[in-house]
Amino acid sequence: MVVSSGSHSITSNLTVPSGVTLQLISGASLSFSSGVTFTVNGTLVAYSSLTIPMGRTMNVGSGGLLKFGPGASLVANGRLNATGTSSQHITFTSTGGTSQNSWGSVQISGGPASGSSITYANVSYGTKIEVLNATGVTI
């Protein structure tokens, strides 16, 4: 599945199943209606930053693969639950770069992001993972 450039509204829960890739091309943005949950059990390839707004949730299942292009980041102003297992880690990586700063960052920000978690995950070639003004975050 490819999301073209421009703004796209997600009005109901969206799941990327195992074995399926969702690609956000450069210039694409997603807006999520209130209460919507976005789940990645397969692969997400983002050439644009992805923001999870307040009041929304993004789940990443075990074995999930999130690849980011240069400068693209994942910003969780809502809840991020990235829960791998000891045998199936989640991977956050670059779309092609093999050096630090090949993509942006994972940012968990604000009170509505409190309680977010990233467990059993491998993070490579990104800039950083940061938690800003959120409590009870597990990494």
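Reader: Which strand is joined to strand 10 by four bridges, and do the two run parallel or antiparallel?
Author: This is a predicted model. Strand 10 covers residues 65-68, and its four bridges go to a parallel partner. Within this pairing, lysine 67 stands opposite threonine 93. That partner, running parallel, is strand 13.

Reader: Which other strand do three bridges join to strand 13?
Author: Here too the strands run parallel. One contact point is isoleucine 90, whose bridge partner is alanine 121. The strand with residues 121-123 is strand 16.

Reader: How many residues of strand 13 are buried?
Author: Strand 13 spans residues 90-94 and is mostly covered. Buried here means under 20% relative accessible area. Of its five residues, the number buried is four.

Reader: How many helices and strands does the chain have?
Author: The strands named so far belong to a longer list. The chain has 17 strands, and its number of helices is zero.

Reader: Why does the radius of gyration agree with a compact globule?
Author: The chain has 139 residues. A compact globule with that many residues would have a radius near 14 Å. The C-alpha trace spans about 35 × 35 × 25 Å along its principal axes. The two radii agree because the chain has a radius of gyration of 14 Å.

Reader: Which strand gives the most residues to the largest nonpolar core?
Author: The core has 32 residues. Those with the most contacts inside it are Phe38, Leu50, Met58, Leu74 and Phe92. The top contribution is three residues, from the strand at 28-32. That is strand 5.

Reader: Which asparagine is in contact with methionine 58, leaving aside neighbours within four places in sequence?
Author: The partners of methionine 58 include Phe38, Val40, Leu44 and Leu50. Arg79 and Leu80 are also among them. The asparagine is Asn81.

Reader: Why is the pair of phenylalanine 32 and phenylalanine 38 called tilted?
Author: A search of the whole structure finds two aromatic pairs. In this one, the ring centres are 5.6 Å apart. Both phenylalanine 32 and phenylalanine 38 are buried. The pair is tilted because the planes lie at 35°.

Reader: What is the angle between the planes of phenylalanine 68 and tryptophan 103?
Author: Their ring centres are 4.7 Å apart, and the pair is stacked. Phenylalanine 68 is in strand 10, and tryptophan 103 is in the loop between strand 13 and strand 14, 35 residues apart. Both residues are buried. Stacking needs planes under 30 degrees apart, and here the angle is 20°.

Notes. Residues are numbered from 1 along each chain as its sequence is written. This is a predicted model: local features need pLDDT of at least 70, side-chain atom pairs count only at pLDDT 80 or more; totals for chains, interfaces and linings use all residues. Side-chain values use heavy atoms; hydrogens and water are left out. The radius of gyration is taken over C-alpha atoms; the globule rule is 2.2 Å times the number of residues to the power 0.38. A nonpolar core is a set of buried Ala, Val, Leu, Ile, Met, Phe, Trp, Tyr and Cys residues joined through side-chain atoms within 4.5 Å. Buried means under 20% relative accessible area, exposed over 50%, partly exposed in between (1.4 Å probe, protein chains only). Contact means heavy atoms within 4.5 Å. Two strands pair if DSSP finds at least two bridges between them. Rings of Phe, Tyr and Trp (its six-membered ring) pair if their centres lie within 6.5 Å; planes under 30 degrees apart count as stacked, over 60 as edge-to-face and the rest as tilted.
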